[in-house]
Every structure is written in structure tokens, then in C-alpha cells.
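Me: I should like to examine how certain terms are applied to a protein model. Please set each value against its definition.

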Amino acid sequence: MTATLTRPLTVTEAIESRRSIRKFVPEPMDQNDLREILRLASLAPSANNVQTWRFAVIQNPELQAKLQEVAYGQTQVTNAPAVIVVYSDMEDTLASAEETIHPGMGEEQITTRAAGLRGQFEAQDTVQRGQWALTQAYIAFSFLMLAARGKGYDTVPMLGFQPDKVRELLGLPEHVQFAGMLPIGKRAEEGFPHHRHSVERITKFY
Ligand SMILES: Cc1cc2nc3c(=O)[nH]c(=O)nc-3n(C[C@H](O)[C@H](O)[C@H](O)COP(=O)(O)O)c2cc1C
């Protein structure tokens, strides 16, 4: 699984072969692959196409060392060539709502719909609407993991970090909420085999 891929993995292959990987080959990310993985993740769906997710890509050993400190010393944060922090920014989403409405709608519709979206959330405080935005960002987070695997990369999703400290280190505003941190690179270990509930255990068929 560490060999360079000659073709992208199918969705099934990507899902089956994804495992949390915490030891990575010490080589920088191919920057074209990194951009393509981010682009693929950005194709995730969201309510009204709001695209609340934002990515912070860290490829800087010094900053990674600081992130590791606020991630309870978890070594994968410095071991990986890159770390992608996925967060939602509902305030930016609302302020720039016009950008996410399809241009085919025409100017008048765009203005009306953007105002409608802002109106829908104005009664909520930033934490409440930030929570809603976060549910959308989780979808992009999943797409990101599978897009990475599909292109032969490995990741480990992480929530074991202090959000306030990460906001501070990355210079992010207080209202953003984190879907997770994702060290990414080529695997230098196999990870654990999947251990999951059976479909019967978690499903009711009606
Ligand atoms: C939301 C979330 C948070 C997680 N946080 C951490 C973490 O902080 N550190 C870590 O080593 N693994 C973390 N994991 C990885 C899980 O332990 C792992 O996904 C789970 O055991 C299943 O294993 P697999 O990913 O290899 O299939 C996290 C996973 C998810 C989905």
C-alpha cells in the first residue's frame, strides 16, 4: 500500500484500505497532489451549497511542533509531512453568501437568496450557527480522508487537541469550530485492521 499508485483507487478500495496511520514516510507532500486532494474534498455537498468548511494546511516543522504540544504531544502531528486542519467558519459563510449561490441564478435571485440565508441565522448566536456550520464541515472532512486515500496517501483524523490553543496558533477567529486535524502523508506502518459493528447490529430495516 506504500507503493506509488498507477491509478486512483476506486471509492470501495479507498474506504477498505483507509486506516488511521500515525507513522509517515519522511518526504514532503507532492504539492499538486495536495491541491487536488483539497479540491476533491471541496466537492463535498452542503445545505444550500453553503460550503462552510475551511482548510488550514501546515507544512512547517516549527508550527507542527507547536501544534503537537497542544495536541497532547501526539507524535503524528510532527511525523507527517503535512497537517490539514479542517474548520467551519459560519461568519465568513454568511458574509460571503453570494459567492456560494450558483451564478446561473442571476443577480436578483442571488441577492434575495443571500439575504434569505443571513435572515435564517440572524436569531442564532455565533456558537449556535457555528455548530450548524460544523455539521457541514464534517462532510468535507470525510471527503478529505477518502480523497487522500484514493490518491495513495494516508491520514489520521484527530480531535485530541485544545481548540483554543489551535485557534491562537493559526491566528483564527474565536467563532470558528474544528471538524478535526488531519496529519497526511505516505504510510510507514500498516495501521490496525478494521474492527467494526456488523451491519445487523447498527441497522434497522423497515
Ligand atoms: C473524530 C475523530 C477523532 C479522533 N481523534 C484521534 C486522536 O486525537 N488521536 C488519534 O491517534 N486518533 C484519533 N482518531 C482515530 C480513531 O482512533 C480511529 O479512527 C478509530 O480507532 C478507527 O480506526 P481506523 O481509523 O484505523 O479505522 C480519531 C478519529 C475520529 C473519527
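Reply: The answers below concern salt bridges, burial and a surface patch.

Reply: This is a predicted model, in which local features need pLDDT of at least 70 and side-chain atom pairs count only at pLDDT 80 or more, while totals for chains, interfaces and linings use all residues. Residues are numbered from 1 along each chain as its sequence is written, and side-chain values use heavy atoms, with hydrogens and water left out.

Me: Why is the contact of Arg-54 and Asp-92 called a salt bridge?

Reply: A salt bridge requires a side-chain nitrogen of Lys or Arg within 4 Å of a carboxyl oxygen of Asp or Glu. For Arg-54 and Asp-92 the N to O distance is 2.9 Å, so the pair meets the rule. By this rule there are nine salt bridges.

Me: What makes Arg-54 and Asp-92 a link between distant parts of the chain?

Reply: Arg-54 belongs to strand 1 (residues 53-58) and Asp-92 to helix 5 (residues 90-95), 38 residues apart. Helices (H or I, at least four residues) and strands (E, at least two) are DSSP runs, numbered from the N terminus.

Me: Which class of exposure does Asp-92 fall into, and why?

Reply: Buried means under 20% relative accessible area, exposed over 50%, and partly exposed in between (1.4 Å probe, protein chains only). Asp-92 has a relative accessible area of 31% and is therefore partly exposed.

Me: What does the salt bridge of Arg-118 with Glu-98 tie together?

Reply: The closest N and O atoms of Arg-118 and Glu-98 are 2.5 Å apart. Arg-118 lies in helix 7 (residues 107-121) and Glu-98 in helix 6 (residues 97-100), so the pair joins parts 20 residues apart in sequence. Arg-118, at 28% relative accessibility, is partly exposed, and Glu-98, at 33%, is also partly exposed.

Me: Are Asp-154 and Arg-187 buried or exposed?

Reply: Asp-154 has 1% relative accessibility and therefore counts as buried; Arg-187, at 2%, likewise counts as buried. Their salt bridge has its closest N and O atoms 2.7 Å apart. Arg-149, Asp-154, Arg-187 and Glu-190 are linked in a network of salt bridges.

Me: What makes up the nonpolar surface patch?

Reply: Val-11, Ile-15 and Leu-146 form this patch of about 260 Å². Patch residues have over 30% relative accessible area and no salt bridge; like charges are joined within 9 Å, nonpolar side chains (Val, Leu, Ile, Met, Phe, Trp, Tyr) within 5 Å. Accessible areas come from the Shrake-Rupley method with a 1.4 Å probe; for residues, only the protein chains shown count as cover. Val-11, in helix 1 (residues 11-17), has 61% relative accessibility and therefore counts as exposed.
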